Amino acid sequence: MVFESLLSSCLVKKLKSLHLDGNLFDSFTGEISDEIGVFENLVDLSLIHNNVSGPIPMSICQNLRSIKSLDISENNFNGSIPECLVSLSKLKSLVISDNQLSGPLPISLGSLSNLEILDIASNNFEGDVSEVHFANLTKLIEIHASENNLTMKVSSYWTPPFSLDSMELRNWNLGPHFPVWLKSQKNISEIDMSSTGISDAIPSWLWNFSSYNKYGCLSIDLSENQMYGEIPEFPKDGSYNLNLSYNKLTGSLPHIPVGGILDLSNNYLAGSISNFLCYRKTQAREVMALYLENNLLSGKIPNCWMYWPSLLMIDLDNNNLTGKIPSSIGSLHELRSLHIHNNSLIGEIPEPLKNCSALRVLDLSFNKLVGTIPRWIGSLPMLRFLVLRSNNLTDHIPVELCKLSSLQVLDASNNNLTGIVPKCFKNLTAMTSSLNQSMLPSFVFGTTIQWSRENANLVIKGRENQYDSILYLLSALDLSDNKLSGEIPEELTSLQALLSLNLSGNYLSGSIPKKIGSMAELESLDLSRNRLSGHIPSGMSSLKFLSFLNLSYNNLSGEIPTSTQLQTMDASGFIGNKLCGPPLLIKCREDHLTLNRDASSEDGERKDDEYWFRLGIGMGFGVSFVGVIGPLLVCGFWRRAYFWFFEEYVWYKFVDYCIKIKYMF
């Protein structure tokens with residue numbers, strides 16, 4: 001039981017602060033006994049991040065009357081909040097988040113008149129919350145109650161007794177109307193009402209909090225609701241971290257004084273982005289992330305990026321943007337992620353982008369870009385994901401790409417690339433060794449960007465999917481649907497951490513590399529629609545993680561190697577060849593109708609049979625010729641007898657036969 005080792009101490013009653021926070025290597029388990037009540041002078045109790053289970057003991061509120069701060073978050077407590085908490089009149093901070101607590105919130109919470117911080121997030125609480133629950137919480141400044149199944153039911157005329165700095169009610173039921181009571185919270189600086197069932201227009205007074213609160217910055221998250229209408233104009237002063245994604249907002253982009261992050265993705269915003277991007281008032285802002293993807297934005301991307309020098313992430317995917325990529329993007333020296341997927345951009349990839357040396361992700365796929373893959377891309381040392389799919393890029397794959405030792409995903413499929421697959425791809429070391437957390441960009445694990453996320457549309461296992469949360473665990477090479485020729489380099493098999501390899505739809509010839517079996521992590525392999533010949537290497541049967549294989553429409557022959565993996569593949573992945581054996585229905589036999597079991601021995605036997613056949617014809621002709629002509633040349637008597645036989649005997653017999661026939665008719 002927790003605390004048993006402490007109870008024998010004579011200093012127990014004098015203890016005022018007790019912190020027994022756990023960690024990954026050392027944490028408390030079991031239940032808290034009622035004997036915790038002996039710590040009667042305790043003011044501060046913290047049991048963060050342990051494996052303590054069971055209900056919250058009654059002795060906490062019956063005996064610890066002096067306690068001001070109680071933090072039992074990140075444990076496995078269950079049951080309900082005890083009603084006796086009302087007796088903890090001195091309690092200022094109650095943190096019970098990330099447990100398994102359930103049931104309705106007790107009305108007695110509203111009696112904790114000294115409570116300043118209430119954190120009940122990530123539990124299983126349910127039921128209604130009314131004005132009574134907040135009746136005497138006049139000192140409350142923070143409420144964190146997200147990830148519960150609670151419904152706010154208060155009068156539309158209710159004025160809360162508290163003045164909040166921070167409010168997080170994600171996944172509550174607050175709708176359908178926007179909560180009017182929020183208007184009274186003049187000092188609030190952080191609002192999270194995402195996924196709360198609100199179906200209403202954004203009230204214009206919402207932006208005014210920025211100028212009231214002491215921080216001068218307002219963070220608002222109203223994502224995943226049904227907010228509609230246009231975004232109201234913002235005050236001239238103020239600064240905003242704003243997440244309005246996944247709503248039904250319309251109209252154009254207003255002038256937004258962004259202070260950190262702006263996420264307006266997945267709405268119906270339309271029109272040009274020039275007025276927003278080129279508004280000079282924003283140039284002094286420390287903006288880190290700009291998410292405008294999945295809208296109806298149109299027109300050219302303006303050449304105003306010099307006003308946004310602190311940008312780390314830009315996402316303009318899935319809009320109707322046209323024109324060229326502006327050169328001023330090259331002024332964003334801290335840029336780590338650039339997404340302009342699925343627009344109608346033209347022109348070449350601008351050379352000033354080489355100045356973005358911190359770039360990790362570059363996704364320009366599904367546009368109309370022309371020219372070559374720039375050689376200078378090889379000078380971006382941090383680049384991990386390069387996606388150029390479905391453009392009009394031409395010429396060879398530059399060998400400078402082989403300098404990208406951090407590259408995990410290279411997708412240049414569906415272009416007009418020519419030449420060979422570079423042998424130097426073996427230098428892409430991120431594809432040769434398994435990934436670990438230390439290889440991931442620091443901003444993924446940091447808290448600097450709260451809404452940071454990455455995604456890419458990739459074709460793996462024959463299907464196009466969007467990869468986001470697991471993107472940094474992927475390693476893929478896709479050069480499909482180009483005009484590449486030559487053989488598949490044996491060096492490619494050194495990419496032993498590669499999960500997906502797609503070279504389909506090219507003019508590749510020769511055989512499948514014999515060492516293909518060394519690519520032990522391979523889950524998806526597509527070599528279809530090429531000119532490959534020979535047999536399937538037996539080493540392919542050792543790819544134990546392989547779940548998708550497409551070798552169709554080549555010139556492969558022989559028996560499909562036997563293994564648990566290959567025989568369970570779809571037969572369509574082998575058609576269009578001269579293959580036999582499971583999963584195909586064509587059996588491998590010895591006659592001329594089917595193929596032999598071993599393609600290499602079959603080719604050898606066929607060549608041997610052909611050799612001996614030709615040799616036999618030659619020798620037979622030689623023996624016959626020498627056997628007849630030789631004696632005639634050597635022996636004069638035989639030669640005279642031979643010619644007499646044909647000239648005298650055979651000839652006269654023939655003439656006599658002709659005369660008889662003449663007299664008969």
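**Disulfides, burial and enclosed space in a predicted model**

Guide: In this predicted model, a disulfide joins Cys278 to Cys304, with an S to S distance of 1.8 Å.

Visitor: What makes Cys278 and Cys304 a disulfide?

Guide: A disulfide requires cysteine sulfur atoms within 2.5 Å. The S to S value for Cys278 and Cys304 is 1.8 Å, so the pair meets the definition.

Visitor: Why is the disulfide of Cys278 and Cys304 given a handedness, and which one?

Guide: The torsion about the S-S bond of Cys278 and Cys304 is about 85°, and the disulfide is therefore right-handed.

Visitor: Which parts of the chain does the pair tie together?

Guide: Cys278 lies in the loop between helix H3 (274-277) and strand E21 (289-291), and Cys304 in the loop between strand E22 (296-300) and strand E23 (313-315), so parts 26 residues apart in sequence are tied together.

Visitor: Why is Cys304 called buried or exposed, and how is Cys278 classed?

Guide: Buried means under 20% relative accessible area, and exposed means over 50%. Cys304 has 12% and is therefore buried. Cys278, with 26%, lies between the two cut-offs and is therefore partly exposed.

Visitor: How do you know that Cys402 and Cys424 form a disulfide?

Guide: Their sulfur atoms are 2.0 Å apart, which satisfies the limit of 2.5 Å. The torsion about the S-S bond of Cys402 and Cys424 is about 60°, so this disulfide is right-handed. Cys402 and Cys424 are 22 residues apart, and both are buried.

Visitor: How many disulfides does the structure hold, and what is the pairing of the bonded cysteines in sequence order?

Guide: There are 4 disulfides, and the pairing is 1-2, 3-4, 5-6, 7-8.

Visitor: What makes Gly505 buried or exposed?

Guide: Gly505 has a relative accessible area of 15%, under the 20% cut-off, so the residue is buried. Gly505 is found in the loop between strand E36 (500-502) and strand E37 (507-509). Beyond its neighbours within four places in sequence, Gly505 is in contact with Asp481, Asn482, Ser528, Arg529 and Asn530. The C-alpha atoms of Gly505 and Arg529 are separated by 4.7 Å, although the residues are 24 apart along the chain.

Visitor: How does the lining of the largest cavity divide by class?

Guide: The lining has 10 nonpolar, 1 polar and no charged residues. His133 is one of the lining residues; because His is neither in the nonpolar nor in the charged group, His133 counts as polar. About 60 Å³ of space lies in this cavity.

Visitor: What volume has the largest pocket, and which classes line it?

Guide: Its volume is about 410 Å³. Among its 25 lining residues, the closest to the centre are Ser245, Tyr246, Asp263, Ser265 and Arg453. The lining divides into 2 nonpolar, 12 polar and 11 charged residues.

Key
Residues are numbered from 1 along each chain as its sequence is written. This is a predicted model: local features need pLDDT of at least 70, side-chain atom pairs count only at pLDDT 80 or more; totals for chains, interfaces and linings use all residues. Side-chain values use heavy atoms; hydrogens and water are left out. On a 1 Å grid over the protein atoms alone, a cavity is a set of points where a 1.4 Å probe fits but cannot get out, and a pocket is an open set with protein on both sides within 12 Å along at least five of seven lines; lining residues have an atom within 4 Å of a point. Grid points are joined across faces, edges and corners, and a volume is the space filled by probe spheres set on the points. Helices (H or I, at least four residues) and strands (E, at least two) are DSSP runs, numbered from the N terminus. Buried means under 20% relative accessible area, exposed over 50%, partly exposed in between (1.4 Å probe, protein chains only). Contact means heavy atoms within 4.5 Å.
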